There are 2 protein chains.
Amino acid sequence: MKIEEEIKQNKPFKSEHQKAVVNLMFTASWWAQHATRLLRPYGISQEQYNILRILRGMHPEPATIKTLTERMLDKNSNASRLVEKLKQKKLLDRLECPNDRRRVDITITESGLRMLDETSLLMEGNMSTYFNTLTVEEAKQLNDLLDKMRG
Amino acid sequence: MKIEEEIKQNKPFKSEHQKAVVNLMFTASWWAQHATRLLRPYGISQEQYNILRILRGMHPEPATIKTLTERMLDKNSNASRLVEKLKQKKLLDRLECPNDRRRVDITITESGLRMLDETSLLMEGNMSTYFNTLTVEEAKQLNDLLDKMRG
DNA sequence: CAACATTCAATGTATAGACATATATTTGCA
DNA sequence: TGCAAATATATGTCTATACATTGAATGTTG
């Protein structure tokens, strides 16, 4: 469906650029909804999932809060607090870094890895299902345009 | 900058499709940050701004909570509460609908219109500045791809 | 090495998103 | 008409974002 119909906009957009911004935000929100629902049965949010993905990518090397923040999609989400939530669920371990006591070493646990294997399979499966409307060539184009959009 | 650099991803993405999803979410979050900062001096959030835009579009016809929800980018954001916030700032009026007492008629005030004229000029100006990296043709392509992405 | 600046993480506070539930009104139909 | 179903909005609760501030540890420099 075209973005105008999705948001029942009666007037035309002022420009393709403005429309693209609205379309971007709408599409992101649309996908966020799906992702949130997929993850809900596992008791983790998208950003918690994202943190676990970063930790798996580095495993068995530990990350610090700083590293996580740099790699997270949402730079302002509060890595400290999200890490605390995940620790309570025993999905990661947090240890004081021996070299620098300001830092904390954060490592995904076995249980975290198991849960992530399951959820990432589910997420990736859903992505393929939802996004198979795009060809690989089109996905590539979309990536280029988004990169270019950010200047 | 390419998305891999933005989030300091060392490994390649599994597929262009997966990369496109990450890119979409990252770009949306990136723009949301700018928008939030632009609106901050005016004391309104993006979604409050969005509601005012919808109301201006319908003005002088009133909207209901239901109408707003249908047209908002984020279907789950709580129109009731956002309307309440905007009412407190005297940017809109909320009246019981005479035909159907379940509903409320919501209309943007003069003061709301004035503030929106100012903020939307600012927002649109910023969009042109940020997104002039894309040609009109590319913006069109991006719109088509996003529409197609949602299936 | 002492004083000051910087870095890293945690926390306080306000706003918003996600979702279930409550409450009032209207509609539809037996 | 009466009563259940549907509709419109509001609210409670938990989580997350935005941003300022705090506090501890480390770096830097005279």
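Which helix gives the largest share of the surface near DNA strand C? In this predicted model, that helix is H2(A), which supplies four residues. It is a good place for a newcomer to start, and the passage below moves from the DNA strands to the meeting of the two protein chains.

Around DNA strand C there are 27 residues, and those that come nearest are Thr64(A) and Lys66(A) from one chain and Ser45(B), Asn76(B) and Ser77(B) from the other. Both chains therefore appear in the list of elements that give two or more residues to this surface: helix H2 (16–39), helix H4 (65–71) and helix H5 (79–88) of chain A, together with helix H3 (46–58) and helix H5 (79–88) of chain B.By class, the surface near DNA strand C is made up of five nonpolar, 10 polar and 12 charged residues.

For DNA strand D, the 27 residues around the strand include Ser45(A), Asn76(A), Ser77(A), Thr64(B) and Lys66(B), which come nearest. Here H3 (46–58) and H5 of chain A, along with H2 (16–39), H4 (65–71) and H5 of chain B, each supply at least two residues. H2(B) provides the largest share of the surface near DNA strand D, with four residues. Sorted by class, this surface holds five nonpolar, 10 polar and 12 charged residues.

How are the two protein chains placed with respect to one another? A turn of 180° and a shift of 0.0 Å along the axis lay chain A on chain B with an RMSD of 0.0 Å. This is the relation of a two-fold axis. The copies meet through the same surface, because 100% of the interface residues of chain A are also interface residues in chain B.

The interface brings 51 residues of chain A into contact with 51 residues of chain B. On the side of chain A that touches chain B, at least two residues come from each of H2, H4, helix H6 (110–131) and helix H7 (136–149). H2(A) gives the most to this side, with 17 residues. The class count for this side of chain A is 23 nonpolar, 13 polar and 15 charged residues.

Two helix pairs across the interface can be looked at in turn. In one of them, the axes of H2(A) and H2(B) come within 9 Å and cross at roughly 120°. These two helices are therefore oblique to each other, and H2(A) passes H2(B) in a left-handed crossing. Val21(A), Leu24(A), Met25(A), Thr27(A), Ala28(A) and Trp31(A) make the contact from H2(A), while H2(B) brings Val21(B), Leu24(B), Met25(B), Thr27(B), Ala28(B) and Trp31(B). This contact divides into 10 nonpolar residues, two polar and no charged.

The other pair is H7(A) with H7(B), whose axes are 10 Å apart and which pack at an angle of about 125°. That angle makes H7(A) oblique to H7(B), and H7(A) passes H7(B) in a left-handed crossing. From H7(A), Glu138(A), Gln141(A), Leu142(A), Leu145(A), Lys148(A) and Met149(A) meet Glu138(B), Gln141(B), Leu142(B), Leu145(B), Lys148(B) and Met149(B) in H7(B). Charged residues do take part in this contact, which has six nonpolar, two polar and four charged residues.

Within chain A, H2(A) also packs against H6(A), at an angle of about 145° and with the axes 10 Å apart. The crossing of H2(A) and H6(A) is right-handed. His34(A), Ala35(A), Leu38(A) and Leu39(A) of H2(A) make the contact with Thr119(A), Leu122(A), Met123(A), Asn126(A) and Tyr130(A) of H6(A). Six nonpolar and three polar residues form the contact of H2(A) with H6(A), with no charged residues.

A few details of the backbone complete the picture. Most peptide bonds are trans, and most residues other than glycine have a negative phi. The peptide bond from His59(A) to Pro60(A), however, is cis, with omega near 5°, and Pro60(A) is found in the loop between H3 and H4 of chain A. In chain B, a cis peptide bond joins His59(B) and Pro60(B), with omega about 5°; Pro60(B) is found in the loop between H3 and H4 of that chain. Lys8(A) is not a glycine, yet has a positive phi of about 50°. This residue lies in the loop between helix H1 (3–6) and H2 of chain A.

Methods: Residues are numbered from 1 along each chain as its sequence is written. Chains are lettered from A and ligands numbered from 1 in the order in which they are written. This is a predicted model: local features need pLDDT of at least 70, side-chain atom pairs count only at pLDDT 80 or more; totals for chains, interfaces and linings use all residues. A residue is near a molecule or strand if its C-beta atom, placed from the backbone, lies within 6 Å of it. Ala, Val, Leu, Ile, Met, Phe, Trp, Tyr, Cys and Pro count as nonpolar, Asp, Glu, Lys and Arg as charged, and the others, Gly among them, as polar. Two residues are in contact if their C-beta atoms, placed from the backbone, lie within 7 Å. Axes are lines fitted to C-alpha atoms, for helices over the stretch in contact, and angles run from 0 to 180 degrees between N-to-C directions. A crossing is left-handed if the near helix is turned anticlockwise from the far one by less than a right angle, and right-handed if clockwise. Copies are superposed by least squares on the C-alpha atoms of residues with pLDDT of at least 70 in both. Angles under 35 degrees count as roughly parallel, over 145 as roughly antiparallel, 65 to 115 as roughly perpendicular and the rest as oblique.
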